[in-house]
Structure formats: C-alpha cells, structure tokens
Amino acid sequence: MERRPRDASWKVTYRQISTWQNGSHLPATEEGFLKLVRVLTEHARGRAARGHQVGDLLDEHAWARLLRQAVAPGSDEPTSGTGDDDGGTADARFTRCLVGVVPSAADCFQDRGSATQLRGAIATVGTAVLSQVLAGTGGVGKTQLAANHARAMWTAGDLEVLVWVSAASRASIVSSYAEAAFQLGLAAEQGDVGRAAERFLAWAHTGTRSWVVVLDDIQQPDDVRGLWPSTGSVGSVVATTRLRGDALAGGGRQVIEVDLFTPSEARTYLIAKLAPQGLAGEAEQLDALAESLGRLPLALAQAAAYMIDQDLDCGVYRERLSAKLLEHVVPEPRDLPDDHQTIVTAAWDLSVEQANRARPQGLARPLLHLVSVMDPSGVPAAVLTSESAREYVSSCQLDDVPRSDGPGVEADDVMGALRVLHRFNLIDHNRRAPYQEVRVHNLIQRATRESLPPDQRARATYAVADALQEVWPEVERDQLGTVLRANTTALNRVGGDILWQWHGGAHPVLFHSAGSLGASGQAAAAVTEFIHLHSVACRSLGANHPDALVSRSRLGRWRGETGDAGGAVAAFEELLPDQIRVLGPDHWETLESRSNLASWRGETGDVSGAVAAFEELLPDQIRVLGPNHPETLNSRNNMAYWRGLTGDAAGAVAAFEELLLDQTRVLGSDHPKTLGLRSNVAQWRGESGDAAGAVAAYQALLADQVRVLGPDEPMTLIMRSNMAKWRGRAGDVTGALAAFEELMPDQVRVLGPDHPLTFMSRNLMANLRGESGDAERAVAEYEALLADRLRVLGTDHPDTQNARANLAFWQGRAGDAPGAAAAFKEVLADRARLLGPDHPDTLTARGNLAYWQGKAGDPAGALAAFGELELDLLRVIGPGDPRTLTFQSHLAHYQGEAGDAVGAVALLEELEPNFLRVFGPEHPRSLSFLEQLAMWRKKADGV
C-alpha cells in the first residue's frame, strides 16, 4: 500500500481540532506539525469570519522557527529512533511512543462494571497477551471505556508504546501499524506500508517494551484477519466493535459485553452533568428521563448537553422529547459533546447499511422498520415470518441489492436476516425465548421510525397490524395472547393515528386486542380499553361511524362480564336505536346487539324476557343470515340455555341435541363451537337429573377436546372441571375431589391463579369438600377464595358475592347457624343494593336467610319470612321456577315445624306435580322432596 503523498490534503474532524486546541496528541514531526498549523489557521480564520475573536495569527514560517527552537539539541522532549528501509530495531534513545489520537475523556465519565471487568482481565494477563473485545451496540460507550483504560495505563507509566487504531477498515489498520513502525524506527517513512505493518507486528511479538494496541470500531472480522498481535508479546490488545462478540471470539480473545448504563449509573451521570447547572431536579425525574432514553450513554450525554445549552430541567425536556423528533432535542452536529461524531439518531446508520448488504441481502433494513413499531421488550418471530410481514419486506428490498430469481421472501430468509441484525447488535435474537424472540433498544426503534417517510411508516404500521391479526390464534392457549396484546399496545402508541385511517376506519387488530384482554379474564381492563377506543373513534371518525358503534357494542359486552349485567342491558338498549338508524335493522352488527341485549337481560334475572327476545330475534336472523349462519346457530344455543333456566331442563336438552345435529353438519364435529355445544348437552342432561349421563357425555367430549385443541386449551380445562363437578353430583365425591386436585395445578400453570376459571374450579372443589362431610375445610377454602376474589374482583362483583353466600352456607353446615344467618343478612343487604329487591339473586338471599334463621332457633321467624318471600317469588319469577319450588318446599317444612303438619302436607301435595315436572321424577331433588312429603304425612297421621 502506498503512503499518502506529502502534498495530499488532510481530512480533519472536529474531534481532532478539539484535541489539538487543548494541546493533546500533537504531531511529532515538523512536516506534521506544520500541516496542523495550516489546518488550525484555516479553522481560526473561518471563526473570525463568523464574528468570533481569535487574536493575532502567526504565519507558517514563524511557527517553523518556534518549532526548531523548541526541539533544539538539549531539549528534554522524547524522540523516536529511525531505521533504514530494511527495518531493524528501535533506536536506543527511544523512551515512549504514542501513535494515533486517543479520544478525549468524556465529561463525567462513569467507571462502570465493564471497565472494572476490563481492568481485571488485563491485570490477570501477566506477561502474556490477552486480547479484550468490547462488544455492544452503537452508543453504549465502548470507545470511551477503551480510551479510559488506555489513558490510565499511559498515565501510570505502565506503557512504553500505545497505538490507537481507527479500525473501520483493513487499510486503516495497516496504515496505523505502519505509522507505529515508522515512529519506532522499524522502517523508513518512504518504505512499503504493508511491510512496515508486518515489522510492527513482528516487533510486538518479539520485543520487550510494554505496549497496548487499541483497535477501535472493528466493522468486519475480515478486516483484522492476520492483524491481531501475536500472543507471545508483552502487551495487550483492546478492541471495540458493534458486532456480536462471537464474531471476533477465539484466538485467546476475551469478549466483554458492554451494556447500557444501569439505573444507578444513569442517575449518577445525569446528576454529575446537570446538578452544577441547577437542572438535575428530583431523582424520580432523572430516572424517568434515563428510562425515556433507554439508559443509552450516547443519548444521555447529548440530552444533557442540549438541556444545559437550552437551560431546561428534566420535566420540560421530557415534554419536548415526547413532542418532537429525536434529532430536534439533541445538539447540532457542530456542538456535540465528548468528541461525538454523530447525533444519536444516526448512531446506527452504518450498522444498518452493513447489515442490509449482508446475506440475505436487502432484508435487514425493512425488518428493522417492522420491529421499530412493536414492543421493544419482545416481538414474536411468528409475526415477522408471517405472510403480511414478508410481503412488506419483499416490497422494500433495495433496487441496488441483487434479488434471486426464486420465490419471494421466505420464512427462512427472515430468520437469516434476524440473525444478521443480531450479529450487528441492532437487535437481540434469542430462539429460546418463546414468543419474545426479538428484542430491540427503544432508541434504535425511534431512530428507525423517524427516518421513514410518512407513507413508508404507514405501510410498516399496517403490515405489522395485519401480521398481528394473521398470527393471533382463534383460541389462546398460552402466553402468546399476552405478547400479542403488548405488541398491539406498542403499535397503537407509536402509530395510533395511522391505525384509525385503515380503509376509512379502525384497523381490526385494535378491537381484537381489547377483546383478547377480556377473554384472558381481565374484564375490567377490557372495559377500560374499550372506553378509550370509543373515545378515539368518536374523535377520529365521528360518533356515528360504524367503528364507533362497534366500540360501544364491545364496551357493553365487557361491562356485563365485569358483573354489571344491568349496565350491559342499559348500554345495548341505548346502542340499538343508533345502530338501526345508522346501519339498518338487518345489519349483522344490529342483529348481534339484539342477541347481546337478550342474553344480558337474562343475566339480570329476566329469564322469560331473554327467551322471548331470542324467539323474536331468531326468525330475523334466519331471514337475513340464513339458518346455517354461525350467529343463527348461536342464537338457537342461547335460547335453549335460557329455556333450561326457566325450569324446562328436558326442553333444553332436546333443543341442544337438535342444534348439535345441525351444527355438526355445518361446522363439522371437531369445530370448537361444536365441542362447546356438546358440553351444553352434557350440562343440561345433568340438570335434568341424569348426572351419570352427564359424566359419560363429558368423558367422551374430553377425549375429543384433548385431541383437537390440546390438553392446555382453556376449554379443555373447563371440560375437566365440569366432568369433575358432575362426577360429584353423581355420587362419586371422592373421585370428583381427586379430579379437581389434579386439575388445579394445570389451571394455575396455564391460566394463572387469579383467572376466573381457576376461581370457578376452586369454588366447586370447596363445595365438594363440604359434600364429602368436611364442612370445616369447606369453610376454610371458601374463606381463602373470598379473600382472593375480593383482591382481584372487588366487593361488588357477582362472583365475590357468590363466594360470600357459599361461605355463609357452609358456616351453617359446619354448625354455626347463627353465624350463617348473620352472614346472609349482609349478603342480602349488598344484593338488594347492587341488584334491586326483585332480582332473583336477591330473592335467593332472602330464602337462605330465612332458612338459617329457622336453623338458628327461630322457626316462627323463618315461617313468616318464607311466607312473604313466596308472594314475591310467584310475582317475579313465576310458579314453575326451580327456585320458587325449592323455597316453597322450605316454607312447607317450617309450617310443619310450627306444628301444622297437615298444612305442610297440603302445600307439598300442591307442589308435587310442578316439582316432578320441572326436576324430573328421578332427580335427586325430586327424591328428596318425596321423602319430605312422606315424613310430614306420617307426622300428620300421628305416626
């Protein structure tokens, strides 16, 4: 390689000028010194032209005289030896030699853990070389760590030779080694550069003087191949690179991963920078600023410089940071601190360019576009390998990047490109992190986003939204849903306005994500999310836009799921007229709202009203959607369910069995909805009195459920819970408890301890404890369940109220009848407050209070309470409702306890036809009823 001619122009950076102005790293030769003078003189004249005072300027000849005087014989300045063209050993007069420009110390440098690790590694070297590779993404401070280490060793006098090499290319490395050879007197300056570099490496291997070589910013492993000093020398090598450490591992090199500042390091740095200016503020503000910038040292340094220049405190700066482009809240390039070469937004440009040209070519940059709008803490690889993502990547391949003639971008190509981005430290890619294989620093994301033109950013946003929707499973079996929701939230945060301009409305992934949140058991959180979506829809699209109406519909549904059935009814009653006006009466969303209104009306206790509403809706669905449409089939399912709750369990079974035939024909026997319908058939078969038939049906269903959906699918876990419940009702309480004890760990593992389904199984298992004869343990388990439901759901949630009622019941069965009566009195007060006096659950609480009042020693009070309750039951839910019949039988019991056995018999005989019709003649309740009738007949006959 030829040396640069003497009259060649110099390329000088601001960093070099800064160090020269400070008197650091001055050239040792007269030629170099005079070139420095020319550069600084031109720089000073430019400053003078801009109005700065620079003082008198000497000409070049005057500077030459001063230099010759300063280095005249007798001077104590160190000099370097010379050698002929054949090389040789360094001149004996040589003392210390510094080659290259060591970056100036950063202001408020942090002595970090990686610096300690570097010192420790070197300290253990002894007389053998150990190459240290400082690896990390751009901006983490690798160069400053290396420079701090080099300066410390130089200042301490531990080194005779320090060579600082800008290792951005192989040519630059060779040139620096050659310069070291020239200064050491190993080669003549007019000699061959490559040969001079070889002589320096040979000297490093065989010499006795202490040395350190710093290879700063290695960009390609090939650039240093054959240029690492040999391990036989007395010295050490420190390298910095943005490549992953394994790219430069081997050959006795030790990799030190340089990470971000820790929270404490970031706070300490900001205090040191800002406190002298009175800008530090509270620790919480500093920590928030550090997290906003991802604790990236480069970003924190530039942010602090900007804050000092603009006299901004942390709070004001963070407001600007969130409102402006990142490049507008850091110093301009000419004002960068600590010898920074570029503003933070451009810190990764070279790495991105190199990654994009690595095989598979042209994929790294567009993949980074997609990752830039997703969750930095974890992106599923499946999203990036989806068809939607691959279409975007394929469309963005650079025109100057060769393309293959084969098929488009494949999943394997994407995985290869992710490894490239990982190798260049632009992302972290870990195949062993399920659903969070890709992580990225938030400032790399922001810099990438802000580099995109608006139309390109919109395309990337839509591609990610489509990809999320594409990979979202119909049934969420594990933590994938949580990760997809987190990525949707991140996408909405950085591209929210774009997502509301998708084909004139909202992108469906927004509603899908919010609904997934509710389906995971977080109904209250889903309500909050849909309130937000409705607000944005009204602001962005208008209150009458179909998507604004959709958000209201979803909000009503999840409001009901929180336990507020009355609020759901009110929401749908308010929504339905607007949908009819805007969408029309036959629009599928209008019909769906009618279905939702009917169901929530039933949940409020108006079971007959729910049946009537579905009977009115079903013909319209058949006319508009057709008899085989899933929504039509769903309405038939709901109508059968509510018919069962009116007391017609046999009619419900018949309706479900008829529907099952049609649904199997339309959807197939393995469709999740068909499997769910089979569960309904089994459930109502049990409710009709055939508990053994229910168990058999669930056993057959469970085998298919596991085969089709897998053992950990939530519906599979529900089937196991239902089968255990009916196993207990069929008389096998011990087997049922064993089944629940086997089920619970799986539910906790898959769903979590606080999921509604986990709570439901705990409720059923506690009840079985009592049924097995262990009332005290049932009380203990209900107390624990109640505490958890209070914590998770709150006092007023229906499930919490049910847990209180069940606890009160088993308190009574455990022998504390007065305690049970007192507890039901509190339950009754809350239900009357929450549901109203005529709600079926309120009436049930009145019946339970009366029952335990009698058991506590007040049969007369119980008789009076049941007498009043009977009138309200007949008025509100009718004579054929199971609850009415149950409490009427209790009324007869206390009438007999009060001494009127004949009256008790008369009432029971009057109830008998309805009781047997509703429950069935073989139902356990019917059998118990007949035993009670026989007992009172004997007492009435004086037997």
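In the predicted model, an aromatic cluster is formed by Phe 809, Trp 810, Tyr 851 and Trp 852. Across the structure, the count of aromatic pairs comes to 13. One of these joins two members of the cluster, Tyr 851 and Trp 852, whose ring centres are 5.1 Å apart. The angle between the two planes is 90 degrees, and the pair is edge-to-face, because planes over 60 degrees apart fall into that class. The two residues were also assessed for solvent accessibility. Tyr 851 has a relative accessibility of 21% and therefore counts as partly exposed, whereas Trp 852, with a relative accessible area of 4%, is buried; the cut-off for burial is under 20%.

A stacked arrangement is found for Phe 915 and Phe 929, since their planes meet at 15 degrees and their ring centres are separated by 4.4 Å. This pair links distant parts of the chain, with the two positions 14 residues apart in numbering. Phe 915 belongs to helix 39, which spans residues 901–919, while Phe 929 belongs to helix 40, spanning residues 924–940. Both partners fall in the buried class: the relative accessibility is 4% for Phe 915 and 2% for Phe 929.

Arginine side chains are also placed over tryptophan rings. Arg 96 lies over the face of Trp 154, at a distance of 3.7 Å from the ring centre. In a second case, Arg 557 is positioned over the face of Trp 558, and the corresponding distance to the ring centre is 3.9 Å.

Technical notes
Residues numbered from 1 in each chain as written. Predicted model: local features only at pLDDT ≥ 70, side-chain atom pairs only at ≥ 80, totals over all residues. Heavy atoms only, no water. Phe/Tyr/Trp six-rings, centres within 6.5 Å; stacked < 30°, edge-to-face > 60°. Buried < 20%, exposed > 50% of the residue type's maximum accessible area, 1.4 Å probe, protein only. Helix = DSSP H or I, 4+ residues; strand = E, 2+ residues; numbered from the N terminus. Lys NZ or Arg CZ within 6 Å of the ring centre and 35° of its normal.
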